[in-house]
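Visitor: I would like to learn how to read a model like this one, feature by feature. Could you walk me through it?

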Amino acid sequence: MGAKRLRAVMTGLAYALVTVSATAALLPVYWLLTGSVKPPQSLLRMPPELWPHQFTLEHFHRLFELSPAGQWLLNSVLAAAVSTFSTVVLCTMAGYAFAKLEFPGRNMLFAACLATMMVPAQVTVIPLFLMVRSLGLIDTFLGLVLPTLVTAFGVFWMKQFIQTLPNSLIEAARIDGGSELMIFWQIAFPLAKPAVAVLAILSFTANWNSFLWPMLVMVDNDHWTLPVGLASLNDHFFSDYGLTMAGAALAAVPMIVLFVALQRYFLQGLTLGALKE
C-alpha cells in the first residue's frame, strides 16, 4: 500500500510539474495574443489586466494602414514555404542516398556534410552575400531563398531516420525491378513521414523567424519579410507596444497552425528513435 501511495504522489508531482512548465511556456503567448486586442490605455495598466475588459482590433487596423504588413506576410509565407518544401525533398533524397545506397566516398561526403554544422551561421553570411551579389540576386526572391534550399542538419536527420528502415523492403523492391527513384517515392518517403514532419516544422520555423539574411539581401520595403518589417515599426525613441503585439500575433499564427496540424507526426518523429531497439 505504501508503494502505491508513493507512486500516486510521484505521479501527482509529475503532473503538477508539467502543468506549471506548460503554463510558464504558454503565458507569454497568451499575453501577446490578449495584448494585441486590448485598447492602448490598457496595455500599460498596473496592475496588469489578465483578461481584456474591452476588445478592439485597432492595433491590427493601424498595422495594415501604416505599413505593407499584408505584403510582408505574403513574402514570409512564400519564402518559408519554398524553403521548407525544398529542404524536405532534397534532404530526404540525400538522406536516403547516404543511408541506403553504396557509392564511392559516401562516408567522406557525409563527414564533410556534418563538418559544415560546426561552422556558425554568422560566419557564412558575408561569403553568401558576396556570392548572391555576384549573381545579381540582391533584392530578389531567389536571392532570399537560395541559401536555405537545403541544410546539413536536414540531411543528417533524414539519414539517421531512413537508416532505421528495414533493408528487406528496399531489396524486395529492387528485385521486383523498381528504380531507385520509385523506391524512394513509394517506399522510403511514406515511411519517413514522422521525420519529414519534424524537419518541416523545424525548417518552416527557422525560415519564418529568419531576420539577419532577409535584412541584408532585401532592400525594397515591399520585399521585406514579416520579421524585418516588424522591426522597422519601432524607432530608437518610441515603441508602439500595441502595434508591435499585433504584428507579433500575426507572425505567430502560421507557426501555431502548422504545429497543430503536424503535431501527431512531430511527436512520433521525436520519440520513434528512442523507442526503437
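Guide: Gladly. Keep in mind that this is a predicted model. Let us begin with a pair of helices: the axes of helix 4 and helix 10, the latter covering residues 180–191, come within 11 Å and cross at roughly 105 degrees.

Visitor: How are helix 4 and helix 10 oriented to each other, given that angle?

Guide: Angles from 65 to 115 degrees count as roughly perpendicular, so helix 4 and helix 10 are roughly perpendicular to each other.

Visitor: Which residues make the contact?

Guide: Helix 4 brings Val 88, Val 89, Thr 92, Met 93 and Tyr 96. From helix 10 come Glu 180, Leu 181, Ile 183, Phe 184, Trp 185, Ala 188 and Phe 189. Sorted by class, the contact has ten nonpolar residues, one polar and one charged.

Visitor: Met 182 is missing from your contact list. Where is Met 182 placed, and how accessible is Met 182?

Guide: Met 182 is in helix 10. Its relative accessible area is 27%, and Met 182 is therefore partly exposed, as that class lies between 20% and 50%. For a sense of distance, the C-alpha atoms of Met 182 and Phe 129 are 37 Å apart, with their positions 53 residues apart along the chain.

Visitor: Let us turn to the interior. What is the general idea behind a nonpolar core?

Guide: In soluble globular proteins, nonpolar side chains tend to be buried together. Here the largest nonpolar core has 25 residues, and the members that touch the most others are Leu 63, Leu 144, Trp 208, Val 217 and Leu 226. Two or more residues each come from helix 3 (58–66), helix 4 (69–100), helix 7 (141–145), helix 11 (193–208), helix 12 (212–217), helix 13 (226–231) and helix 14 (241–275). Helix 14 gives the largest share, five residues.

Visitor: What does Leu 63 contact beyond its neighbours in sequence?

Guide: Setting aside anything within four places in sequence, Leu 63 is in contact with Ala 69, Leu 230, Leu 233, Leu 243, Ala 246, Gly 247 and Leu 250. There is also a second, separate core of 24 residues, including Cys 91, Tyr 96, Ala 152 and Ala 195.

Visitor: You mention Cys 91. How many disulfides does the structure hold?

Guide: Zero. A disulfide needs two cysteine sulfur atoms within 2.5 Å, whereas the cysteine sulfur nearest to that of Cys 91 belongs to Cys 113 and is 8.0 Å away. Cys 113 is likewise in no disulfide. Cys 91 is buried at 0% relative accessible area, and Cys 113 counts as buried at 15%.

Visitor: Is Ala 24 buried or exposed?

Guide: Ala 24 counts as exposed, at 52% relative accessibility. Ala 24 lies in helix 1, residues 2–35, and its C-alpha is 29 Å from that of Arg 5, 19 residues away in sequence. Ala 252 is buried, with a relative accessible area of 14%, and is placed in helix 14.

Visitor: One last feature, the backbone. What sign of phi should I expect as a rule?

Guide: Most residues other than glycine have a negative phi. Asp 139 has a positive phi of about 65 degrees although it is not a glycine. Look for Asp 139 in the loop between helix 6 (125–134) and helix 7.

Technical notes:
Residues numbered from 1 in each chain as written. Predicted model: local features only at pLDDT ≥ 70, side-chain atom pairs only at ≥ 80, totals over all residues. Heavy atoms only, no water. Core = buried A, V, L, I, M, F, W, Y, C linked by side-chain atoms within 4.5 Å. Buried < 20%, exposed > 50% of the residue type's maximum accessible area, 1.4 Å probe, protein only. Helix = DSSP H or I, 4+ residues; strand = E, 2+ residues; numbered from the N terminus. Contact = heavy atoms within 4.5 Å. Axes fitted to C-alpha atoms, helices over the stretch in contact; angles between N-to-C directions. Parallel < 35°, antiparallel > 145°, perpendicular 65-115°, else oblique. Nonpolar A, V, L, I, M, F, W, Y, C, P; charged D, E, K, R; others polar.
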